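Here's a quick briefing on the charged side-chain pairs in this one. Have the model open as you read.

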Amino acid sequence: MSDQQSGQQPEPPKPGGPKPEGPTPDVPKPAVSKPEVSGAEVSGDEVSETGVAGPEVAPRAPVSAGEAAPGRAKAGSASARTPAPTVPPQSAGPEVPKVPAYLQAPPPPDVWQRRAQHQPSGLLSRLRPPAPPAIDAATLWSVLATALLSALLLGDGLGINILVVAVPAALAAYFAARGARRRLRPWTAVWAVGGLALLAVPALRDAGWPVFLAVVSALALGSLALHGSRSWPGVLLGSVGLVPSIAAGVRWGWHGVRARADDSRGRVRTAVRTSVVAVVLLVVFGTLFASADAAFADLLGSLTPDVSVGDSPWRVFLFVLGLAGALAAAHSAAAPVRWDRITVRPGKARSRAEWALPLIVLNLLFAAFIALQLAVLLGGYDKVLEETGLTPSEYARQGFWQLLWATVLTLLVIALALRWAPRGGPRDRTLVRGVLGVLCVLTLVVVASALRRMDLYVDAFGLTRLRISVAAVELWLGVVLVLILAAGVFGARMLPRAVAVSAAAGVLAFGLLSPDGLIAEQNVQRYQSDRTIDIQYLKGLSADAVPALDELPEPLRSCALRNFQRDFAVEDTPWYASSWGEREARDVLEKHPLREVGADCYGVGREADERDGYEEEDSYDPY
């Protein structure tokens, strides 16, 4: 019986199944669900050829013999012999079709990991140091000692205290480098010893400007000792390399303190109790002994830092500064930034004629200028001054600054010439060495001429701070030119570090020679040679000038030293914040008391001289 005769509606075809072609009794129609496929294999995860997941296929009910067509009877009997497919429990509900894998968006972690894997290595990744090992106890105690000494000693001024503070900071860097298994190299020892030697300048000199130069140079050498740089970018950037390590050093120290506090809470409590008991005993018995003997009270007062509540914010700032600086030094010692990995590519090599012709013309110009300067250096001023109509002091003043800039620009020309120099073979190297060597030699003559002009100017007008400073810079530029000449002969591998050593040695020598003392001594000698003296300027010098000013006759001596005596009476600087120059000045004033001159000091040292007449003609004086 057909479906229409039985009154039943025809069953709609299943999605993905074959369409019925009509009741053909001789041709059996395949069932929608294949008996060979188990129920576990036919599920909502099955994907059709179009890529869209099809719905779950339910098994059809068996057809009875009376309702089945003759052609379907065999198929029904054949399927009856096949085991029925396993059907999942219907109570679980239909499974939701899943999106194909190629249509799913990758999860965010995979995206970031993929980007990190394919990210090109940049400059920071090449310079970034590996993570240092955990900070050890010796480093932590050295850092804490640096912070405490900074808060207690640095608030009253600079003297030997800065050298005392630098010792535990250096020990912190040493312990951190030892924990990271870094070895001490010869150049590291050179930078470290040089930095400590520069910190001796504040202990010896009272003048603030050479002390500032010495402290800055000491920090630069300490940074070079920690980073171990040797190239030009490494030496230049390594001298300020402590700055990027401040934040990393603070984090590193904080993690180390937290880890040790969690592991040793009992020992921390014991150390705190011991420290508190020791402090209480020192305060109690120290107070009793100080009240019992005045000499012991004075000794204890001179040794104890003067700490008051009013300057507590300043002390807190110094504590934080010392803590951060010591942690930055220790972190740099354990994991230094590799500044030497910064490379500067050489410029495009030029041909011999294109490169050498401008430099040869410059050498000829230098030679023409030096031909005239040789007469000046040998003492032939009369002819030159007769032609120019200038006095010796005016002639000297007009040329010094120009020659100084000429020296600086010559060094820049040499650097650019080496960048674009021909590099074809031995002949090119010989040409480069010959042309630049001649330029360096001629520039040295220019340096000698500039220093000679400054000597004439100082002899006419006296020595001042600016004059001695620019003369020292010009002298150092001459040393750099000599080093460049040596690098052309022996190789330029050591040139960056040699220039840095020469700069540090110049700053150290400048501080040890006591520039304020030299200024006062030269002006006193001029006065003793029947020349005038500027007392108003000399009164503004530091205590380093007191021994030289003590040689002046009265009333000039008392007028020049009156301000120093007033400052010493008001200030009570602790021993660790005073310099050897200040203590020497105090001894001089105690041995030779000043006279009461009163109004006699007004107008002293203001007599008309060559400088006064010169300033009336031209008020511009760069010195």
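**Salt bridges at a glance**

There are 7 salt bridges in the structure, which is a predicted model. Two spots get a closer look below: a pair formed by Arg465 and Asp516, and a small network made up of Asp550, Glu554 and Arg557.

**The pair between helices**

- Arg465 and Asp516 come together through their side chains in a salt bridge, with an N to O distance of 2.7 Å.
- This contact ties together distant parts of the chain: Arg465 sits in helix α18 (residues 465-490), Asp516 belongs to helix α20 (residues 515-528), and the two are 51 residues apart.
- Asp516 has a relative accessible area of 0%, so this residue is buried.
- Arg465 comes out at 26% relative accessibility, so its label is partly exposed.

**The Arg557 network**

- Salt bridges link Asp550, Glu554 and Arg557 into a network.
- One of the contacts joins Arg557 to Asp550, with the side chains meeting at 2.6 Å, N to O.
- Arg557 also forms a salt bridge with Glu554, where the closest N and O atoms are 3.1 Å apart.

**Who is buried here?**

- Both Arg557 and Asp550 are buried.
- For Arg557, the relative accessibility is 6%, and the cut-off for buried is under 20%, so the residue qualifies.
- Glu554 has a relative accessible area of 30%, so this residue is partly exposed.

Note on methods: Residues are numbered from 1 along each chain as its sequence is written. This is a predicted model: local features need pLDDT of at least 70, side-chain atom pairs count only at pLDDT 80 or more; totals for chains, interfaces and linings use all residues. Side-chain values use heavy atoms; hydrogens and water are left out. A salt bridge is a side-chain nitrogen of Lys or Arg within 4 Å of a carboxyl oxygen of Asp or Glu. Helices (H or I, at least four residues) and strands (E, at least two) are DSSP runs, numbered from the N terminus. Buried means under 20% relative accessible area, exposed over 50%, partly exposed in between (1.4 Å probe, protein chains only).
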